[in-house]
Amino acid sequence: NKRRGCPPKKISPRDQKLILRKFKVTPTLTARAALKEVQQELGKNASPSTIRRILDNDASSTNKALKKPFISKKNIRKRLEWCRR
């Protein structure tokens, strides 16, 4: 009757790869949205913090995708003039 150190993991390594693949396809996906998809596809319950922990442990997904900054028409013209020089 040996005691177990911690409860079994809810998300298997295979499921973790599926979650990481989802974030590579859509990097702006939130943890809650990913959790809903995981619950629908796998039928497993987990918390958003579990999804965040999986992302934190993965070295390849370090940053969230940034939005491209707005450039005014004035600056567009200046940039084009500079490029043509």
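Two residues are taken to be in contact when heavy atoms of each lie within 4.5 Å. In the predicted model examined here, Lys10 meets this criterion with Lys44 and Asn45, its neighbours within four places in sequence being left aside. Lys10 is placed in the segment before helix H1, which spans residues 13–25. With a relative accessible area of 57%, Lys10 is exposed, because that value is over 50%. The C-alpha atoms of Lys10 and Cys83 are 54 Å apart in space, and the two residues are separated by 73 residues in sequence.

The interior was examined next. The largest nonpolar core comprises 13 residues, and those with the most contacts inside it are Ile11, Ile19, Phe23, Ala34, Ile51 and Ile54. At least two residues of this core are supplied by each of H1, helix H2 (31–42) and helix H3 (48–57). H2 provides the largest share, four residues. For Ile51, when neighbours within four places in sequence are disregarded, the contacts are Ile19, Phe23, Ala31, Ala34 and Leu35. In soluble globular proteins, nonpolar side chains tend to be buried together.

Nonpolar residues are also found on the surface, where Ile71, Ile76 and Leu80 form a patch with about 210 Å² of accessible area together. One of these residues, Ile76, belongs to helix H4, which covers residues 73–84. Ile76 has a relative accessible area of 38% and is therefore partly exposed, as this value falls between the limits of 20% and 50%.

Terms used:
Residues numbered from 1 in each chain as written. Predicted model: local features only at pLDDT ≥ 70, side-chain atom pairs only at ≥ 80, totals over all residues. Heavy atoms only, no water. Buried < 20%, exposed > 50% of the residue type's maximum accessible area, 1.4 Å probe, protein only. Patch = residues over 30% accessible without salt bridge, like charges linked within 9 Å, V, L, I, M, F, W, Y side chains within 5 Å. Areas by Shrake-Rupley, 256 points an atom, 1.4 Å probe, with all protein chains shown as cover. Salt bridge = Lys/Arg side-chain N within 4 Å of Asp/Glu carboxyl O. Core = buried A, V, L, I, M, F, W, Y, C linked by side-chain atoms within 4.5 Å.
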